[in-house]
Structure formats: C-alpha cells, structure tokens
Amino acid sequence: MEFTAAQIAEWIEGEIIGDANTSVSGFGKIEEAGEGALTFLANEKYKAYLKDSKASVIIISENLAIPDNDARTFIRVKDAYAAMTRLLDLYKSLTQQKSGIEQPSSIHESAELGEDIYVGAFAYIGKNVKIGDNCKIYPHVFIDDNAVIGDNTVLYSGVKIYDNCVVGKNCIIHSGAIIGSDGFGFQPDQNGVFHKVQQVGNVVIGNQVEIGACCTIDRATMGSTTIEDGVKLDNQIQVAHNVTVGKNTVIAAQAGIAGSTKIGQNNMIGGQVGVAGHIKLGDFVHVQAQSGVNGNIADHSKLYGSPAMDASDFRKSYVYFRKLPELMNKLNQLDKKFNQERKNG
Amino acid sequence: MEFTAAQIAEWIEGEIIGDANTSVSGFGKIEEAGEGALTFLANEKYKAYLKDSKASVIIISENLAIPDNDARTFIRVKDAYAAMTRLLDLYKSLTQQKSGIEQPSSIHESAELGEDIYVGAFAYIGKNVKIGDNCKIYPHVFIDDNAVIGDNTVLYSGVKIYDNCVVGKNCIIHSGAIIGSDGFGFQPDQNGVFHKVQQVGNVVIGNQVEIGACCTIDRATMGSTTIEDGVKLDNQIQVAHNVTVGKNTVIAAQAGIAGSTKIGQNNMIGGQVGVAGHIKLGDFVHVQAQSGVNGNIADHSKLYGSPAMDASDFRKSYVYFRKLPELMNKLNQLDKKFNQERKNG
Amino acid sequence: MEFTAAQIAEWIEGEIIGDANTSVSGFGKIEEAGEGALTFLANEKYKAYLKDSKASVIIISENLAIPDNDARTFIRVKDAYAAMTRLLDLYKSLTQQKSGIEQPSSIHESAELGEDIYVGAFAYIGKNVKIGDNCKIYPHVFIDDNAVIGDNTVLYSGVKIYDNCVVGKNCIIHSGAIIGSDGFGFQPDQNGVFHKVQQVGNVVIGNQVEIGACCTIDRATMGSTTIEDGVKLDNQIQVAHNVTVGKNTVIAAQAGIAGSTKIGQNNMIGGQVGVAGHIKLGDFVHVQAQSGVNGNIADHSKLYGSPAMDASDFRKSYVYFRKLPELMNKLNQLDKKFNQERKNG
C-alpha cells in the first residue's frame with residue numbers, strides 16, 4: 001500500500017514541511033528506515049539519527065527542530081509518538097481486512113455467529129459455540145462445543161479452544177496457543193502408578209487480553225482458570241489449572257505459573273520465570289527474568305533469583321558470589337596468619 | 001447437563017441426607033462452589049469451608065459430621081474423594097461423546113481404522129497408518145505414513161504425529177503436541193557451517209501415557225526415542241532425540257531433556273528443569289523446579305540448583321548465599337581487628 | 001524399504017566382505033542395532049561394541065579391523081561416518097516423496113507456485129504468496145498474504161507463516177513453529193492499562209535455516225526480525241521482535257531471545273538460556289545451558305550463570321557456593337579463636 005505525505009498529514013492532523021506528494025510504502029525506525037519509508041521522531045534521545053535517516057517522510061514532534069533545506073518531507077504534530085501509534089492502528093485496520101466465511105469450514109448448525117465475522121477455511125466451530133460480532137477466526141482454528149468468544153476478538157491460525165471455555169471481547173490470541181487443555185492432575189496409587197483426575201472446569205479469559213503464540217492455558221480441575229481483563233501474555237507461557245492472573249498483569253515469554261496460584265493485578269513478570277503452585281502474589285509485583293517464586297509475595301515487591309528473594313538483596317549477594325574465590329582466599333590467608341601469629345606468639 | 005442428588009447417589013452408592021430432588025449442573029471445590037454445584041468433603045483440613053459453602057449437593061465421607069438442620073443435600077459415602085473421582089470419570093465419558101468420521105477429512109485408502117473411532121473434520125491420516133479401536137482423532141490432527149496409534153487413545157485437535165512413530169493404548173495427547181520432529185543433529189564443517197544429519201529413527205510411546213499441550217518429542221537419529229508406560233508429561237516439555245523416559249515418571253511443565261539421556265522409572269521432575277544430554281538418571285529421582293542436571297544420578301536422589309546438587313545441600317548453601325554481604329562484612333571486620341591487634345601487639 | 005548389501009555398497013562405493021545378498025530394512029547405532037539393521041563403525045571409541053552388535057550389515061572405515069570368520073556382512077569404505085551420512089541423505093530423499101496438490105487445500109488464485117511442489121490437504125496459501133520450486137507444504141500449513149517461501153524449503157504440518165514474512169531457500173521448519181506473530185509491544189497509560197503498539201514489520205529468514213517444532217519468531221514492530229543463513233534452532237525457542245540471529249548460529253531447545261537483541265555469527269547458545277533485550281552478542285560466543293545473558297558480550301566469550309559471567313569464573317564460584325556452609329563455619333571458628341586469644345592475651 002502507498003500513501004502520500006498529504007494523506008498522512010490529513011489523518012494525523014499535521015502540518016507538511018516539504019513535498020506533500022512524497023509517497024511512502026512502509027514503516028521504519030529512524031535509524032533503520034530506507035527510502036520510501038515513513039518514520040517518526042518523538043524523543044530528543046534519537047535526534048542524532050535524524051541527519052542520516054533515509055526515510056522519505058518523517059513525523060516530528062513540534063518541540064524538535066527540522067533541519068534547514070532538507071530534501072525530505074516532514075509532518076509536524078504535537079506528539080509524534082501518539083500520531084505514529086494512531087497511524088499504525090489505522091494501517092492495521094486497513095490491511096487486516098479478512099472477511100466472510102471461507103470454504104471448506106466446519107460450523108455446527110447450533111453455533112451462533114455474530115455479524116461481520118471472518119471464518120477462515122478449515123476452521124472448526126463446534127456445537128452451541130457462540131461467537132460475537134466482528135470476530136476473526138483464522139484458518140485451522142478449533143473451537144470446541146459450548147465455547148464462547150466475545151466481540152471483536154481475533155483468533156489467529158491454529159488456535160485451539162477446548163469445550164466450555166470463554167474468551168472475552170477485544171482479545172487477540174496468536175497462532176499455536178492452546179486454551180483449555182487438561183490440567184496436570186494425577187493421583188498415585190501404592191504401586192507408583194498415576195491415575196488421571198478428570199479436569200471438568202474451564203478457562204475464562206476477560207476482555208482486552210492478548211495471548212502470545214504457543215501459550216498453553218489449562219482448564220481448571222473444577223471451577224475456572226482465570227485470566228482477567230487487560231492481561232498481556234507473551235509467547236510460550238504456561239498457565240496451569242486453577243490459576244488466576246490479575247487485571248493488567250504483563251508476563252514475558254516462556255514464564256510458567258503452577259497450579260492454583262493467584263497472581264495479583266499489574267504484576268510484571270519477566271521471561272522464563274517460574275512461579276510455584278498454591279501461592280499468592282500481591283499487586284504491582286515485579287519479578288526479574290529467570291527467577292523462581294516459591295512463596296507468598298507482598299504488594300509492590302521486586303524479586304530476583306531462583307529461589308527468588310528481594311531483587312536488590314539478590315544483586316548484592318550475586319556480587320559476592322562472583323567474588324567467592326577471592327573471599328575464600330582471604331579467609332584462608334587470615335587463618336594462616338592467625339595460626340602463624342599464635343605459633344610465634 | 002443436570003443431575004439430581006438421587007441419580008448421583010445411585011451412581012456412587014451413597015445415602016442421601018436432605019432433598020433427593022435437588023439438582024446440580026456443575027462441579028466446584030468446596031471453597032468456591034456456587035449454587036447449583038456439586039462438591040465433596042473428604043478431608044478434615046477443608047471442614048472449615050463446609051459451613052459457608054454454597055454448593056447445593058455435598059458428597060461427604062462417613063467419618064465427617066453433617067451439620068444439623070442443613071438446607072443443603074448431602075450424600076454420605078465411605079470415601080468422598082474416591083466417589084468424586086468415579087463421578088468425574090463418568091461425567092467425562094458422558095460429555096466426551098464425539099463419534100463418527102466427520103467430513104472433509106483425509107484418510108488414505110491404505111490406512112487401517114479400528115472400530116468406533118472418531119475422526120474430526122480436517123484430520124489427515126496418511127499411508128499405512130494403523131489406528132486402534134475407540135480412538136478419538138480430533139480436527140486438524142496429522143498422522144503421517146506408517147504411524148501406529150493404539151486402542152482408546154485420544155489425540156486432541158492439532159496434534160502432529162510424524163511418519164513411523166508409535167503411540168500406545170489409552171494415551172491422551174493434548175493439542176499442539178508434536179511427536180517425531182527431527183532430532184537436532186548437525187555436523188559442522190571447517191567453515192563453521194552446519195550440515196544436517198538425517199534423523200531416520202522414530203518415537204515410541206507406551207501405554208497410559210499423557211502428553212501435555214505443545215510438548216515436542218523428537219524422533220531418534222537411529223533407533224527410537226522412548227516414552228515408557230504410565231509416563232505423564234505436563235505442557236511445553238521438550239524431549240530430544242534418543243532419550244528414554246522410564247515408566248511412571250512424571251515431568252512438570254517446560255522441562256527439557258537433552259539428547260540420548262536415559263531417565264529412570266518413577267522420577268518426579270519439576271517445572272523448567274533442564275537435563276543435559278548423554279547422562280543417566282536412576283529410579284525414584286526427584287528434581288526441584290528450575291534445576292539443571294548435568295551428570296549421572298543415583299536412584300532416590302533429590303536434586304536442586306543449576307547446576308543441580310543434593311537438594312538439602314543446595315538449600316543450606318542458598319541460606320548463606322542470601323547472607324553473603326553479611327559474611328563478607330564479618331570477614332573484613334575480623335581482618336581489620338586482626339591487623340589492628342598485630343599493630344598494637 | 002529393503003536394501004541389499006550389494007546395493008548399498010554400490011551407492012557408497014564400498015567393498016563387500018561377506019554375503020552381498022544380505023538385506024537390511026532399517027538403521028541402528030552399533031550398540032543398539034538389531035537383526036536386519038544397517039550400522040556403521042567409524043570411530044575407535046565404539047570398537048568394543050563391534051563384537052556383539054546384532055546388525056546384519058556394518059559399514060566400516062578402512063583403518064578399522066574386521067573380525068575373522070564373521071557371519072555378518074561388512075562394507076569397507078574410506079570414511080564410514082561420511083558414507084553413512086550420504087546414505088541417510090539418500091534414504092531421506094527416497095522416503096520423503098510427497099508430491100502433488102492434495103485436496104481439499106486452499107490456494108488463492110493470486111499465489112505463485114513453483115514447480116514440483118507438494119501441497120498437503122488442508123493447507124492454506126493466501127493472496128500473492130510466492131512459493132519456490134520443490135517446496136513441500138504439509139497439511140495444515142498456513143501461509144498468509146504476501147509471504148514468500150524459497151526453493152526446496154519444507155514446512156511441516158501445522159507451521160504458520162503470518163503475512164509478509166519471508167523464508168529463504170533450503171529451509172526446514174518443523175511442526176508447530178509460528179513465524180511472524182506480533183511482537184510483544186504495549187504502551188501503559190497512567191492507569192496501568194496497556195495499549196497495543198501495532199507490529200507492522202515482518203520476519204526474514206535466510207537460506208539453509210532449520211527451525212524446530214513449536215519455535216515462535218515474532219515479527220518486528222517496524223523493519224524485520226532476521227534469522228541469517230545457516231542458523232539452526234532447536235525446538236521451543238522464542239525469538240522476540242526486531243532480533244537478529246547471525247549466520248551459522250546454533251541455539252538449543254527452549255532458549256529465548258528478548259526484543260531488539262543482536263546475536264552475532266557462529267554463536268552456540270545452550271538450552272533454556274535467556275538473552276535480555278536491546279543487547280549485542282559478538283561472534284563465536286558460547287553460552288552454557290540455563291544461563292541468563294544481560295549485557296553486551298565480546299567475540300569468543302564463554303558464559304555461564306544467571307546472570308551470566310565468564311564460564312570458568314562461574315564454575316569456580318559455584319565450587320565455593322557448594323562449600324558455603326563450610327566456609328561460614330571456618331569463619332565463625334576463626335572469629336571465636338581470635339576472640340578467645342584476645343581474652344586470653
């Protein structure tokens with residue numbers, strides 16, 4: 001798709017400095033953008049890249065200076081970052097135009113489909129499934145019986161929603177994510193053989209939730225595994241049965257939350273973090289990447305380490321961990337000197 | 001689905017105390033169950049929740065007291081936990097009734113299908129594949145040429161079984177699991193370029209095995225990657241080529257086992273654990289979450305840490321790790337005092 | 001498939017010692033191979049297994065001795081490992097013969113398909129997609145609009161390629177891998193609510209790249225996430241938006257690379273490693289399994305630990321970590337002795 005500076009300026013209500021007919025066909029960061037790309041400059045920090053940027057059109061905040069006699073086209077706005085964000089939203093809505101029901105797809109006659117939805121070829125929608133308005137169900141999606149999908153939700157190719165699970169409105173679930181697989185529940189007998197405990201609960205996902213590629217969210221043993229409104233999960237995250245992830249919590253890739261744990265609101269959990277089962281994390285907790293949380297955690301805690309401890313304490317201890325050979329050496333020398341003294345004394 | 005207390009009592013051979021016509025439409029844990037739910041109380045530990053539980057029907061072990069004049073309906077049995085488990089099995093068998101061959105599906109004419117199997121729409125079954133009786137092959141499953149699936153096995157939507165792999169009887173494999181992808185084998189040349197070593201072995205999975213969502217089990221270079229009877233794998237576990245996982249071993253989510261390693265029987269391996277390649281773990285080994293095992297391990301060992309060591313030694317060392325700043329401080333003070341003494345003396 | 005020793009000897013230009021009519025139907029490692037299997041012996045280290053190997057045909061390097069009066073058939077070649085590798089390549093090309101366009105599949109009329117390609121049933125190929133010659137697109141693959149796939153590339157069942165992504169020539173992508181899902185980019189507002197930053201870049205994968213099962217490679221915010229030529233990724237690896245992985249770098253399973261990080265050439269990154277965002281690793285860097293890299297790294301560095309440090313320093317520190325209780329004890333005793341002396345003195 002190609003757009004002229006004039007079109008863009010109109011959309012973001014900006015003022016053109018340069019040639020209004022300059023056209024662009026893609027986006028780029030100011031330090032990487034090539035010819036024919038649109039970029040933006042919103043922050044003093046990136047000003048140094050402005051001189052050499054090959055971008056053809058540059059959206060710039062009004063507090064930043066435009067070089068004199070520049071061949072490139074500028075669009076001056078109040079806040080270049082906000083303008084760019086709006087533009088990207090517009091671009092996405094223009095380019096993600098899939099619509100209609102493609103064939104062959106398998107939609108059970110009892111399913112209720114909202115208006116203006118897209119169902120890709122080879123998608124499977126089971127009995128009594130309810131899908132809201134404006135949803136996009138990509139190819140190879142599987143939605144089993146009695147599941148509910150809220151308005152404006154996008155399920156990318158290959159998402160699997162097991163029976164009776166509920167996904168809210170305005171959610172995005174990326175390819176390969178699995179919602180509602182069985183929780184990991186087994187009862188050992190006296191011979192060490194494990195017997196399955198049926199998992200008859202479900203998964204309930206709130207509104208404005210984004211779930212990354214290849215995440216797995218297990219259904220509850222009984223009741224629900226719950227992902228509250230506004231939660232953002234990166235890729236390959238594991239959420240076990242009966243977990244609750246609180247509102248607006250953000251979790252980075254490859255983290256795992258063990259069974260029945262309650263994560264509070266507005267947590268920020270780093271990549272590859274493990275959280276043990278049956279514990280409770282408060283609100284506004286920060287956990288550094290690769291940490292292992294294995295106890296209840298108060299609001300506003302900052303954690304690091306495996307097992308996790310206060311982040312600043314962990315950093316201090318780790319400084320001395322690095323120095324352990326030196327520390328040991330010092331101790332040995334002191335011991336020697338002391339014994340020497342004693343002999344001499 | 002709705003059931004009355006009378007129906008439930010009959011199935012589990014219990015005695016009704018209260019209104020036999022009370023009906024329930026779901027299950028709940030005693031502390032969470034809402035009106036219209038069935039719950040159970042088997043353990044003194046949870047007795048405190050009994051008073052306020054909103055469950056409509058409560059299965060209760062005969063050694064626990066039923067409150068006087070209670071409006072709720074109770075079903076008295078010898079062992080409420082066992083009764084509940086039986087009920088959940090029954091419920092699952094009633095609700096998971098998929099059957100028949102849905103269209104369009106792609107089943108090669110040379111494939112041998114057992115009796116009473118379910119094949120979902122968009123499932124793909126290749127040449128010479130053998131599928132046992134009562135199997136459930138959900139939509140979007142791919143079973144490549146010459147693979148074998150034993151009786152009563154369930155492959156959920158999107159499971160991929162590469163060619164020549166073998167899955168036993170009574171197995172459950174969850175969505176997104178990949179069985180038989182190539183092992184990670186490359187030979188570097190003198191220029192640091194890696195050349196693929198073809199992986200011509202397979203994966204052999206025993207009976208009563210459960211494999212979680214998005215697990216990946218690579219085929220052997222030659223021979224077989226082997227998952228023995230009764231193994232239970234949680235979600236997102238990686239099993240590399242030529243690994244053996246011994247009977248009744250249980251592995252938690254996001255753990256990874258590197259190539260050619262042999263895991264013994266009845267191990268319990270925690271979440272996010274890494275096990276190095278070409279080593280051997282004995283039987284009844286326990287590994288704490290996030291540990292990294294990198295050497296041969298004796299039977300009944302308990303491990304923790306990365307790299308892993310004896311679990312109780314790790315815990316002791318970690319106590320002092322937390323105190324390292326304090327320890328360093330003490331050492332410095334002692335050194336100072338000593339030098340002071342020397343000067344003075 | 002069955003082959004005789006005579007056929008095999010012809011393919012690898014070897015000399016038969018024994019019965020040229022002996023036939024084999026599979027491959028095995030020398031220590032595991034059963035009757036009817038072909039094996040090889042290239043390395044003195046494995047010589048001990050020769051005597052008892054049940055293999056029917058053994059390819060053997062010319063510098064190794066063949067037992068006298070042996071009932072088995074040997075094929076003598078200069079380099080048995082190289083001969084075996086060639087044979088495995090041949091075997092793979094003979095057995096992986098899928099061809100043609102299976103039905104039903106969904107191929108947009110605007111897509112350009114190369115010659116001699118395989119498209120499996122239920123594969124989905126979107127608008128303006130370009131697929132090179134000799135590609136194999138397995139069942140349930142999804143290739144969205146404007147994506148490009150180079151010659152001779154294999155996409156196994158269930159691979160998902162989002163729109164506008166580019167895959168090079170001679171690549172292999174295993175089942176469940178997701179290429180081009182949205183990068184994890186959100187902007188928080190003053191209420192702690194996160195707003196999506198549209199991800200309008202793509203993923204560009206070079207030639208001779210292998211990507212394991214259930215890997216996830218996110219598209220760039222703007223510009224490209226780049227996997228250079230010859231990179232080999234094991235299973236379940238996460239590559240975030242705007243990352244570059246340099247030529248011939250090899251990454252083991254379950255590692256994760258956070259956003260905007262640049263990995264140099266010929267790195268070897270262990271399993272479950274985490275690499276922080278916005279950093280730069282040089283060339284020929286080795287990172288031990290489970291390490292956490294959180295700063296810029298010079299060429300040829302060897303790293304270990306979380307957070308990562310020089311590998312040999314980490315090993316030394318860890319030796320003392322194990323001895324921390326002992327070290328603490330020694331310090332306490334010294335302190336006691338010192339105080340005792342002082343009192344006495």
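This is a short tour of a predicted model, going from one chain to the places where chains meet.

**Stop 1: chain A on its own**

Start by selecting chain A and colouring it by domain. The domain assignment splits chain A into domain 1 (3–95), domain 2 (101–313) and domain 3 (314–344). Now look at the first two of these: the centres of domain 1 of chain A and domain 2 of chain A, taken over C-alpha atoms, are 38 Å apart.

Next, zoom in on A:Pro104. You'll find A:Pro104 in the loop between strand S8 (100–101) and strand S9 (106–107) of chain A. Show the backbone here, as the peptide bond joining A:Gln103 and A:Pro104 is cis, with omega at about -5°.

**Stop 2: where chain A meets chain C**

Bring chain C into view alongside chain A. How many residues of chain A are in contact with chain C? There are 59 of them, and they touch 69 residues of chain C. Between them, chain A and chain C bury an area of about 5100 Å², and carbon and sulfur atoms give 63% of that.

Now switch on the side chains. Across this interface of chain A and chain C there are 5 salt bridges. For one to look at, select A:Glu210 and C:Lys196: their side chains meet in a salt bridge, 2.9 Å from N to O. The interface of chain A and chain C also has 29 residue pairs in polar contact, counting pairs with both residues at pLDDT 80 or more.

Which parts of chain A build its side of this interface? Select helix H2 (80–95), strand S28 (232–233), strand S31 (250–251), helix H3 (311–322) and helix H4 (324–344) of chain A, as each one supplies at least two residues of the side that touches chain C. The largest share comes from H4(A), with 11 residues. Try colouring this side of chain A by residue class: you should get 31 nonpolar, 16 polar and 12 charged residues.

**Stop 3: where chain C meets chain B**

Hide chain A and show chain B with chain C. Here 59 residues of chain C are in contact with 69 residues of chain B. The buried area between chain C and chain B is about 5200 Å², with 62% of it on carbon and sulfur atoms.

Salt bridges turn up here too: the count between chain C and chain B is 5. Pick C:Asp335 and B:Lys337 to see a salt bridge whose closest N and O atoms are 3.8 Å apart. Add the polar contacts, and you have 30 residue pairs between chain C and chain B, with both residues at pLDDT 80 or more. Then highlight helix H4 (324–344) of chain C, one of the elements that supply at least two residues of the side touching chain B. H4(C) gives the most to that side, with 11 residues.

**Stop 4: two loops in chain B**

Keep chain B and go to B:His278, in the loop between strand S35 (274–275) and strand S36 (280–281) of chain B. Is phi of B:His278 positive or negative? Phi is positive, near 60°, and this is a residue other than glycine.

Then move on to B:Pro307, in the loop between strand S39 (302–304) and strand S40 (309–310) of chain B. The peptide bond from B:Ser306 to B:Pro307 is cis, with omega near 0°.

**Last stop: zoom out**

Finally, superpose chain C on chain B. A turn of 120° and a shift of 0.0 Å along the axis lay chain C on chain B with an RMSD of 0.1 Å. The two copies are therefore related as by a three-fold rotation axis.

Note on methods. Residues numbered from 1 in each chain as written. Chains lettered and ligands numbered in written order. Predicted model: local features only at pLDDT ≥ 70, side-chain atom pairs only at ≥ 80, totals over all residues. Heavy atoms only, no water. Contact = heavy atoms within 4.5 Å. Buried area = accessible area lost by both parts, 1.4 Å probe. Salt bridge = Lys/Arg side-chain N within 4 Å of Asp/Glu carboxyl O. Polar contact = N/O pair within 3.5 Å; in protein donor to acceptor, adjacent residues only side chain to side chain. Helix = DSSP H or I, 4+ residues; strand = E, 2+ residues; numbered from the N terminus. Nonpolar A, V, L, I, M, F, W, Y, C, P; charged D, E, K, R; others polar. Least-squares fit on C-alpha atoms with pLDDT ≥ 70 in both. Domains from an automatic or database assignment.
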